[in-house]
Amino acid sequence: MTTNVTSSRAPLTDGARAAGQRQPFGHRPRAHGRACHSLVVRVPGALDVARLRHHLAVGAARTSVPVDPHLWVTPVPTGHTDVLARQRAHDEARRPIGPGRPPVRAVVLAYADGVADLVLVAVRSELPYPALRRLATLLLLGPSATETPALVAPRAPSAVPSTASAEWGLGDPRRAGTIGAVPFTAGAERRHLLGALALTLARYSQNGLVEIGTMARDGGPYRGPEDDGGFVHRVTVDEEQPLSRLLAECGAEPVPASGTPVVGVVFGDAEETAAYLPCLAPLFPLSLYLTPRPDGTLAGTCWYDEGGIAPEIAAQFCAHVTQFTASFAELPTPEPVSHVPFLAPDETRRVLALGGAGGPHSTSERIDHAFAAMARRRPDGVALEADGTELTYRRLDDRADRLAAGLRALGVAPGHRVGVCLDPGIALVPTLLAVLKAGCAYVPMDVRYPPERLRHIVGDAGLRVVVTTTEGFPDVDGVRTVTPDELLTARTDPAPGAACPVESTADARSDAYVIYTSGTTGRPKGVAVPHSAVGALVRATVEDFGLCPDDVWSLFHSSAFDFSVWEIWGCLLTGGRLVVAPYWVTRDPDEFHTLLATRRVTVLNQTPSAFGPLVRADLRSADRPAPELSVRLVVLGGETLPARVLAPWFARHSPSRCRVVNMYGITETTVHTTAHTMTPRDVLDDSRSVGRALPGWSVSVRDRSGRLLPPGPTGELWVAGAGLADRYLGQPDLTADRFGADPLTGERAYRSGDLGRLRPDGRIDHLGRSDHQVKLRGHRIEREEIRAVLLAAPSVHEAAVLVRQEIPGDPASSRIDAYGVLSGSADPRHVLAEAGRFLPDYMVPATFTPVPSMPLTANGKLDASRLPVPLSPIPAARPHSAEPTPADPQHPSPATTVAEDVLGIWSRLLKTDVGPDDNFFELGGNSLLVVRALSELQRRQLPKPSVREFYDHSTAAQFIRLVSDRRATT
């Protein structure tokens, strides 16, 4: 007798090759592990190979399936209970049938202790499960067998990459191919189980149309991939319809699948045990393998690939399915689906606590009181540095007192709001502090806002006094403009009717400031934030960030942008030194980098859009003599962080010496809400994490109806806790809509409109906006505000506004494009010029493209995909040629002139041919592209004007003359 022996490392190349192919559900090659099944059976008595071969020949003759005539016998040099023996059986039972091979393979594993197992592997479509069991019985017991051989329990199957993915799965791609298993029991019939799966999927995906892959082991009506035609139950889940309708849909026949569902079920019969594998790799990213038990319940195992589904999420998902099946049995079927609870009370408390709910809220005092206390502790420490001048804490406190007295002399009383429209400089911070000392709230305005926007803010906030040095500040009836110097010289005795000193009338819940953000009505809306919220922010971060008097902070942002609240008061309430960066220095990354280095700044705050150019400036500094940075803490916020922006930073600055923190926040929740320390691992993963809620804050994820979502699913972020703003100024309806009591906690919460998901460890992933709001270079922008301003022009009949990022992950390529239906021969340039009277520069569209009509979807909504490629607002602009220009650094030419260099650089950055009369900003240029243009000049060893000079010479001809003149004098 000849025995065919395979080694313990039987060839797996066929299966491995199949595993590397990504095939849609229902369209797989026969050799794929999903198309095969296997059975492991204990050989009764002593192993008799000749007898088994005879039975195999009989079995082959009794079936039309071409059974492999070979009986492969593999000796295993250990006892059958040894780990190596179990691993060998595991491997053999999961090795698919190779292409071109017979559809059935029989292997005997002969262990050293005399025990043997028979492993049958077959292509399911040619030998379904009942036939496979009969073949096993025939092989082991002969044609007259009346009993079933003992089956051997296997382990979980191997993984095969799938085209399906679940965003809610939170899997780790590094663990792709690692299979996890969760025991599963559901006291339900098939229809209830499918209904529970459908409801769980709908609530996890926030999608009312779900698909559940199905397959039966017994060849019944639930056909599957064994017929090369995968089937799914396609179910519509409407929360407002009766439960009976959901269950009726789940009782319908499955339909052919067009792709791989995320979740699927393999149904077996009551006689099966775990020795049978219905497929040699999970059919779905999350696969339930179930058999009925004598008591009528379904039980089995949930197998999942950890590359797509995290173990905590898989266990949680199964628990929810089981919970829903129990709820179906208890609820009358006429009840709406929405009455089926998602989270049990204990789970609700646990999920809320993960997001920070229930934590202590620290009490906070007024900002001006906290500053006065710091001034008493550090009277001679330098508090402020700007314009070549330093102010100690004592001098800053004294100056603010004098300015506050000047405000009171003008009749400003506690509770009033005072406008502040000042460039960053030595006067800004004392003025803000003075407003607070007068018991008032400051309303910051950027000196570069257009007059109409300034006029609107003054009127909406009910301002009577505006502190400004801007000569062009618009005149408004009843509003007095005054300079800081004029306040200092104003008489200090209270004006008739002035209120009593602030200490006796105001507390930490009164307004500290009102910052205006973009609004949907076409006009900005004011967010009123109390003193206590700012104090809570400082208290929540001081210990973790190690904030102390040794720190030097930079003030980079406009006082009209709430990031400045963190920069100013985060520094001064912890005793640090605040270095004010002049406006034009903040526009030039090289100059700002020099300021950071020479002033030895330790705490740096940036939006990701601004930090990217600074990182490149830092790389350039390595090539020239320059002082090293002293930055120990970088706080990034204001917009979504593309994690890979940090790669070159980490290459030069070790995370152990300079901590980089990504913080998520909103004006309505006081600048920052969560914090996550970034690592090189986050860069490799392109992490979306913004970390956990700050102490005193809490964040939860809710569906459209406000229902709490567990870890995994995406929903709207709700924020509660110490940092909530008080209200939208003068807009009670909007305030009531966005701020309100959380029905779960009774605590006041803010509905952010941001999308996110909770992770099992309490971290939050930020996933963008759920509405028309966007973040552009740190500014929160309502597209509807821009649209409303455009529609106010008489020549614009319809309008649409889009924000595009031409280069994914590159904030400098982001721009606003507008489309509109215009009357007659209206000029798009005039439309944009009119919009510029009301909108700040960063909100004015870069382009306006006329269209004959707005393309709509079938349900009457804008179909943005059918809008044309945006045109330049300058009719003379021409499509940029793909041919390299002489100024292209990849195609240098010694004969190029300054004009050729400048026009080539501008053309490439703006993606259009630029002529001498074209204006950089009218062609879509922005502050980040200005920096890139100047860097290109520097690389060509041409004179590099300042950013301010670029803005002052923004047509190509002007800029060419500027650079040429510089070149001639050097």
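Helices (H or I, at least four residues) and strands (E, at least two) are DSSP runs, numbered from the N terminus. This is a predicted model, where local features need pLDDT of at least 70, side-chain atom pairs count only at pLDDT 80 or more, and totals for chains, interfaces and linings use all residues. Residues are numbered from 1 along each chain as its sequence is written, and side-chain values use heavy atoms, with hydrogens and water left out.

**View 1. Strand S24 is covered on both faces.** Here we're looking at residues 633-636. Leu-633 and Val-635 sit on one side, Val-634 and Leu-636 on the other, and all are buried (under 20% relative accessible area with a 1.4 Å probe, protein chains only).

**View 2. S24 pairs with S23 and with S25.** Two strands pair if DSSP finds at least two bridges between them. S23 (residues 603-606) runs parallel to S24, joined by four bridges, and Gln-606 stands opposite Leu-636. S25 (residues 659-664) is also parallel to S24, again with four bridges; there, Val-635 stands opposite Val-661.

**View 3. Strands S28 and S29 help line the largest cavity.** A cavity is a set of points, on a 1 Å grid over the protein atoms alone, where a 1.4 Å probe fits but cannot get out; lining residues have an atom within 4 Å of a point. This one has a volume of about 90 Å³, meaning the space filled by probe spheres set on the points, which are joined across faces, edges and corners. S28 (697-702) and S29 (714-721) each supply at least two lining residues, and S28 gives the most, with four.

Definitions and conventions:
Buried < 20%, exposed > 50% of the residue type's maximum accessible area, 1.4 Å probe, protein only. 1 Å grid on protein atoms, 1.4 Å probe; cavity = no way out; pocket = protein on both sides within 12 Å on 5 of 7 lines; lining within 4 Å.
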